[in-house]
Amino acid sequence: MIKITEIYNDNSYKFQRPYIIAEAGVNHEGSMELAKRLIDEAVEGGAQAIKFQTYKADTIASKHSPYYWDLSKEPTQSQHELFKKYDKFWKKEYEQLARYCENAKIEFMSTPFDVSSARFLNDLMSVFKISSSDITNLPFIEFICDFNKPIILSTGASFLWEVQEAVDLIESKGNSLCLMHCVLNYPTKNKNANISTIREIAKKFPDCIAGYSDHTLPESMDTCLFAWLLGANVIEKHFTHDKTLKGNDHYHAMDKEDLKLFWEKVQNSQTLLGQEKITSLPCEEPARKNARRSLVASCNILAGEQIISAHLTWKRPAHGISPREIKNVIGKKAKINIEEDEIIKWNMLAND
């Protein structure tokens, strides 16, 4: 099992296999059986981690907090009301899920949304995830930093100065940071994904690991693939056992089959990416020998005759002297008669 802390400590991780966090959130809907199924299916799909969300409705939103999602997909019009549906799991349940993840060989994570949950989750996780919604919640960020663990921070709905402010705080506390590009809109339309922002994150915050938290529809999984190719070493995407379910985060989540498709595309991309070193490959050897050119006699050259530029042209194949040696050939004498269109080789020339 690869743990995310290995990425924080390995500068060579880029363009190896991405680290995938299956964001189960509260798609367990309060069922321990379903939460364990999500873990099992995340493992089957190839995720390195599964992440839940830990909150209580009364501490995350006021009773008058309005919705900000697509009502045709999730009809609940109050954040507090929606959160109340899914806040049944707490310390005991997450301890059980953490043990289940350990046995299943997948890393357990859960995003805390309050001080109480952060305290007990600290004993269960090697890293803390901070939601985009808390990027300006500096006192909460500082509280989490004091656990002295690496942090994953999503940047959805943020201006650069807000991201900078949060990064400055986290770096001042000495925590390692993975900064996730994110669009806080469910589902995010492809035209709004702006995954090129990943490169800007890498440029503006070179000491951070670049990542991507994806809210687009899974479709071909190309958004996540291109995000990885643009430099996102950590990719988080909502995860469900059934994409046809209505409400909450099912409708824009990937499932295990989407994740399997993603890994197929990663493998194919790695094959295409190959190596960075400039060199001739063994498969190119026939072309080196036959598609390149040799110096060729443009007319008959008599034995003993001194070769001049007018005697030479260049044609395929590369079985003779390379044209790059033309200056070393001009001025030499022919040892034998060389016929027009004959490929010139070193043994045809005198050494004096």
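Arg17 sits over the face of Trp263, 4.1 Å from the ring centre. A charge counts as over a ring if NZ of Lys or CZ of Arg is within 6 Å of the ring centre and within 35 degrees of the ring normal. The model is predicted: local features need pLDDT of at least 70 and side-chain atom pairs count only at pLDDT 80 or more, while totals for chains, interfaces and linings use all residues. Residues are numbered from 1 along each chain as its sequence is written, and side-chain values use heavy atoms, with hydrogens and water left out.

## Aromatic pairs

The whole structure holds eleven aromatic pairs. Rings of Phe, Tyr and Trp (its six-membered ring) pair if their centres lie within 6.5 Å; planes under 30 degrees apart count as stacked, over 60 as edge-to-face and the rest as tilted. One of the pairs is Phe89 with Tyr94, with ring centres 6.0 Å apart and planes at 80 degrees, so this pair is edge-to-face. Phe89 is buried at 5% relative accessibility, and Tyr94 is buried at 2%. Here buried means under 20% relative accessible area, exposed means over 50%, and partly exposed lies in between (1.4 Å probe, protein chains only).

Trp90 and Phe120 also pair: their ring centres are 5.1 Å apart and their planes stand at 75 degrees, so the pair is edge-to-face. This pair links distant parts of the chain, with Trp90 in the loop between helix 4 (79-85) and helix 5 (91-104) and Phe120 in helix 6 (residues 115-121), 30 residues apart. Helices (H or I, at least four residues) and strands (E, at least two) are DSSP runs, numbered from the N terminus. Trp90 is partly exposed at 23% relative accessibility, whereas Phe120 is buried at 8%. One aromatic cluster is formed by Phe52, Phe89, Tyr94 and Phe108.

## Backbone features in loops

Most residues other than glycine have a negative phi, and most peptide bonds are trans. The table lists four places in this model that depart from one of these patterns.

| Site | Backbone value | Loop |
|---|---|---|
| Tyr186 to Pro187 | cis, omega near -15 degrees | Pro187: between strand 6 (177-182) and helix 9 (197-204) |
| Arg316 to Pro317 | cis, omega near 0 degrees | Pro317: between strand 10 (312-315) and helix 13 (326-329) |
| Ala157 | positive phi of about 65 degrees | between strand 5 (151-154) and helix 8 (160-172) |
| Glu219 | positive phi near 40 degrees | between strand 7 (209-214) and helix 10 (222-229) |

Ala157 is exposed, at 65% relative accessibility. Glu219 is exposed too, at 53%.

## Helix 10 against helix 11

Helix 10 packs with helix 11 (residues 256-273) at an angle of about 35 degrees, and their axes are 10 Å apart. Axes are lines fitted to C-alpha atoms, for helices over the stretch in contact, and angles run from 0 to 180 degrees between N-to-C directions. The crossing of helix 10 and helix 11 is right-handed. A crossing is right-handed if the near helix is turned clockwise from the far one by less than a right angle, and left-handed if anticlockwise.

On the helix 10 side, Asp222, Cys224, Leu225, Trp228 and Leu229 take part; they meet Phe262, Lys265, Val266, Ser269, Gln270 and Leu273 in helix 11. Contact means heavy atoms within 4.5 Å. By class, this contact has seven nonpolar, two polar and two charged residues. Ala, Val, Leu, Ile, Met, Phe, Trp, Tyr, Cys and Pro count as nonpolar, Asp, Glu, Lys and Arg as charged, and the others, Gly among them, as polar.

## Loop residues and their partners

Leu217 is in the loop between strand 7 and helix 10. Leu217 has a relative accessible area of 34% and is partly exposed. Leaving out residues up to four places away in sequence, Leu217 touches Pro187, Thr188, Lys237, Tyr251 and His252. The C-alpha atoms of Leu217 and Ala253 are 6.8 Å apart, with their positions 36 residues apart in sequence.

Lys105, in the loop between helix 5 and strand 3 (107-112), is exposed at 57% relative accessibility. Its C-alpha atom is separated by 5.6 Å from that of Met1, 104 residues apart along the chain.

Asn185 belongs to the loop between strand 6 and helix 9 and is partly exposed at 33% relative accessibility. Asn185 and Gly156 are 29 residues apart in sequence, and their C-alpha atoms are 8.4 Å apart in space.
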